[in-house]
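Student: I should be grateful for a close look at one part of this model. Please choose a sheet and describe how its strands are arranged and what lies across them.

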Amino acid sequence: MTGRYPLRAGMGSTGRVQVILFLAGSGGLPPNETTFAKLLQKQGYTTGIVGKWHLGVNCESRSDLCHHPNNHGFDFFYGLPFTLFVDCAVGAGSGVLLDYQEMLLNSCKLLLVCVLTLLALRGSGLLCAGWRLLFHLSAAALICFLLWFVPFGLLRVWNCILMRNGEVVEQPMNLQTLNSRLMREAEQFMERHRDGPFLLFVSFPQVHTPMLVTEGFAGKSRHGLYGDNVEEVDWMVGRVVDTIDRLGLTEKTLLYFTSDHGGGIEEGPRGGWNGIYRGGKAMGGWDGGIRVPGIFRWPGRLAAGREVAEPTSLMDVFPTVVKLAGGELPKDRLLDGHDLMPLLEGSSSRSQHEFMFHYCGMYLNAVRWHPQNSSSIYKVVFFSPVFSPAGSSGCFSTGSCMCHKPHVTYHSPPLVFLISSDPSESVPLTEQTDPRVPEVLQRVQRAVEEHRRSLTPVEMQLTWRKTLWRPWLQPCCGTFPYCTCSEEDTHTTG
């Protein structure tokens with residue numbers, strides 16, 4: 001969105017919380033950040049986003065929409081102002097702070113047992129428990145239950161909603177019809193703006209747990225439910241491509257398909273497969289979590305079948321689309337992305353990313369170095385996640401890996417991999433196996449020092465204070481807290 005490392009906008013954490021957990025939290029992409037959509041608006045483009053956002057909604061009130069897409073350069077928004085959590089699927093369970101939920105529920109049960117035991121003892125005459133004590137214990141049990149039920153028991157209602165621009169149109173959302181409605185909105189957006197320049201960002205809710213079971217795709221793949229979801233994404237991509245072709249915009253339109261991260265190992269077969277690459281989602285610097293495919297399509301401008309194996313970043317989207325639209329890159333902030341067109345068109349054979357800094361939360365996890373005038377690509381890894389249980393390949397005990405001690409192991413000296421010949425990051429180099437290791441460590445350390453000098457302090461957006469649920473920030477259709485509506489309804493119910 002911004003062409004910058006997330007920590008420059010405070011979108012990182014030093015603790016457990018790595019993403020926005022509650023739609024009614026106050027954290028999100030700060031209003032003073034410049035997205036590529038804002039700059040394309042200045043060039044006369046109509047901008048839209050259909051699908052997931054997950055960069056926050058409100059700051060101080062239920063209707064300020066300070067983090068909302070409409071406040072970040074998108075003229076139109078339809079979709080999930082959150083992400084697809086397991087809580088969104090009926091009967092799938094919960095995936096938010098499970099240990100806290102268990103602690104609250106166990107405390108409620110313990111207090112309730114105390115109350116019932118004291119009542120039984122009082123009724124049998126074995127113990128004269130005062131009514132005041134019983135009242136206070138009962139009140140504590142009720143408060144404990146409400147502390148669990150209000151934010152956690154109603155997560156599907158609070159988090160899993162659909163919005164059209166700033167209005168909630170469905171709460172909770174119907175997953176069975178979600179994808180067909182997203183595609184309808186994407187197609188209608190392209191049709192409405194076929195005669196003028198437009199930018200459309202389609203952010204698919206899949207492939208992501210919980211896996212959707214959609215009529216027409218259930219059982220379609222030989223690879224189970226995950227394969228069914230991939231088939232459905234393929235259908236959705238095809239709808240976008242077909243619409244562009246049908247509207248006669250094929251040679252005027254750059255299409256870019258990619259993913260935001262690799263598969264989640266802790267999810268098992270539902271989490272995807274990262275092939276030869278080590279690690280997975282939420283593991284910081286391992287390539288299994290950060291190396292994703294990118295497919296570009298622009299007939300008449302980009303040669304079909306060309307493969308680019310240079311290191312690039314999703315941050316490169318920002319300068320690429322801004323320059324294509326004829327806009328100027330901002331001069332009041334440091335950009336970390338680079339224009340991809342020279343690589344895509346073949347006028348350049350090298351990425352402008354000599355160094356790439358891979359973060360786990362707010363912690364620098366690894367650095368990728370592509371030396372100039374060399375085909376070698378090194379990666380220096382400063383710490384690794386502590387897998388649990390011991391001997392496993394993921395953080396199964398906690399559901400996903402964390403970035404802070406004691407959940408990571410720091411390496412001294414750092415691990416060095418030559419990923420141009422060892423893409424699986426299976427054999428770290430040593431001075432004995434490669435005499436260039438001291439030079440690599442020294443050069444990377446200088447780059448890290450230069451990078452850190454470029455960072456300026458900003459307000460953190462994923463602190464507990466900004467992440468926890470706040471009722472006055474909760475988007476709602478109907479009368480709060482009775483938030484419920486269906487997009488098919490002619491009126492809002494409450």
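Tutor: The answer below takes one sheet, strand by strand, and then turns to the helix beside it. The model is predicted: local features need pLDDT of at least 70, side-chain atom pairs count only at pLDDT 80 or more, and totals for chains, interfaces and linings use all residues. Residues are numbered from 1 along each chain as its sequence is written, and side-chain values use heavy atoms, without hydrogens or water.

The sheet is open and has 4 strands, in the order E8-E9-E10-E11, with antiparallel pairing. Strands (E, at least two residues) and helices (H or I, at least four) are DSSP runs, numbered from the N terminus, and two strands pair if DSSP finds at least two bridges between them. At the edges of the sheet lie E8, residues 355-360, and E11, residues 408-418, each of which pairs on one side only. From one strand to the next, the twist averages 25°.

One pairing may be followed in detail. E10, which spans residues 378-385, runs antiparallel to E11 and is joined to that strand by 7 bridges. Within this part of the sheet, Val380 stands opposite Val416 of E11.

What, then, lies across E8, E9, E10 and E11? Helix H10, formed by residues 437-453, does so, in contact through heavy atoms within 4.5 Å. H10 runs at about 125° to E9, the strand of residues 363-369; such angles run from 0 to 180 degrees between N-to-C directions, with axes fitted to C-alpha atoms, for helices over the stretch in contact. The picture is thus an open antiparallel sheet, E8-E9-E10-E11, with H10 lying across its strands.
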